[in-house]
Amino acid sequence: MTLSVAQIDRETDQLVSEWLTLPEVAARLDLTIGRAKQLLKDHKLLGVRRGSGGPQVPAVFLDGKEVMKGLPGTLTVLQDAGYDEAEALRWLFTPDDSLPGSPVDAIRAGRHTEVKRRAQALGF
């Protein structure tokens, strides 16, 4: 299985405070590494390349032993709007005064419907 993962720039990298490798994601979610890769391939999780090495996932995307509620749907909407992984990551972590906070903060706070609505508007 080939997994295509975007390389991110330094500015985008600095928006995320904690990163997890794929083996760390698999361990936290109690999955095999193959299943963790499938989550990335299916756009249920977002992983990017930071420097050399394999894909890494923002730790905030995990909620205990599960993917944060509302994240997979939001990632699908962003993909449908034409965003690649790096652009989606940048949008999710960039502060928005009208939310307040970043879209990922709003998703964590249970306001994923509002975030998806805003993401849908990006495609038009």
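A residue counts as buried under 20% relative accessible area, as exposed over 50%, and as partly exposed in between. This wording applies throughout the following tour of a predicted model.

**First stop: helix α7**

Select residues 112-122, which form helix α7, and display the side chain of Arg-117. With a relative accessibility of 46%, Arg-117 is partly exposed. Next, show Glu-114, which is also partly exposed, at 25% relative accessible area. Glu-114 and Arg-117 form a salt bridge, and their closest N and O atoms are 2.8 Å apart. The two residues are three positions apart in α7, which means that about one helical turn separates them.

Keep Glu-114 on display and add Arg-118. These two side chains form a salt bridge as well, with 2.6 Å between the closest N and O atoms. Here the spacing is four residues within α7, again a separation of about one helical turn. Finally, add Asp-96 to the selection: Asp-96, Glu-114, Arg-117 and Arg-118 are linked in a network of salt bridges. Over the whole structure, a search finds five salt bridges.

**Second stop: the salt bridge of Arg-28 and Glu-18**

Move to Arg-28 and Glu-18, whose side chains meet in a salt bridge with an N to O distance of 3.5 Å. Which parts of the chain does this pair tie together? Arg-28 belongs to helix α2, whereas Glu-18 sits in the loop between α1 and β1 (19-21), so the bridge joins parts that are ten residues apart in sequence. Arg-28 is partly exposed at 37% relative accessibility, and Glu-18 is likewise partly exposed, at 41% relative accessible area.

**Third stop: α2 against α3**

Colour helix α2 (residues 22-29) and helix α3 (residues 33-41); their axes come within 8 Å and cross at roughly 105 degrees. Angles of 65 to 115 degrees count as roughly perpendicular, and α2 is therefore roughly perpendicular to α3. To see the contact, select Leu-22, Pro-23, Val-25, Ala-26 and Leu-29 on α2, together with Ile-33, Ala-36, Lys-37, Leu-39 and Leu-40 on α3. Sorted by class, this contact comprises nine nonpolar residues, no polar residues and one charged residue.

**Fourth stop: the buried face of α3**

Retain α3 and highlight Ala-36, Leu-39 and Leu-40, which are buried. Where do the buried residues of α3 fall when seen down its axis? They lie within an arc of 100 degrees, so they line one face of the helix. Now show the elements against which these buried residues pack: α2, β2 (56-58) and β4 (66-67). Before leaving this helix, select His-43, which follows α3 and has a positive phi, near 60 degrees.

**Last stop: Asp-13**

Select helix α1 (residues 10-13), where Asp-13 is found. Is Asp-13 buried or exposed? Its relative accessible area is 18%, so Asp-13 is buried. To view its surroundings, display Ile-8, Trp-19 and Arg-50, which Asp-13 touches when residues up to four places away in sequence are not counted.

Technical notes. Residues are numbered from 1 along each chain as its sequence is written. This is a predicted model: local features need pLDDT of at least 70, side-chain atom pairs count only at pLDDT 80 or more; totals for chains, interfaces and linings use all residues. Side-chain values use heavy atoms; hydrogens and water are left out. Axes are lines fitted to C-alpha atoms, for helices over the stretch in contact, and angles run from 0 to 180 degrees between N-to-C directions. Angles under 35 degrees count as roughly parallel, over 145 as roughly antiparallel, 65 to 115 as roughly perpendicular and the rest as oblique. Contact means heavy atoms within 4.5 Å. Ala, Val, Leu, Ile, Met, Phe, Trp, Tyr, Cys and Pro count as nonpolar, Asp, Glu, Lys and Arg as charged, and the others, Gly among them, as polar. Buried means under 20% relative accessible area, exposed over 50%, partly exposed in between (1.4 Å probe, protein chains only). The arc is that of the directions from the helix axis to the C-beta atoms. A salt bridge is a side-chain nitrogen of Lys or Arg within 4 Å of a carboxyl oxygen of Asp or Glu.
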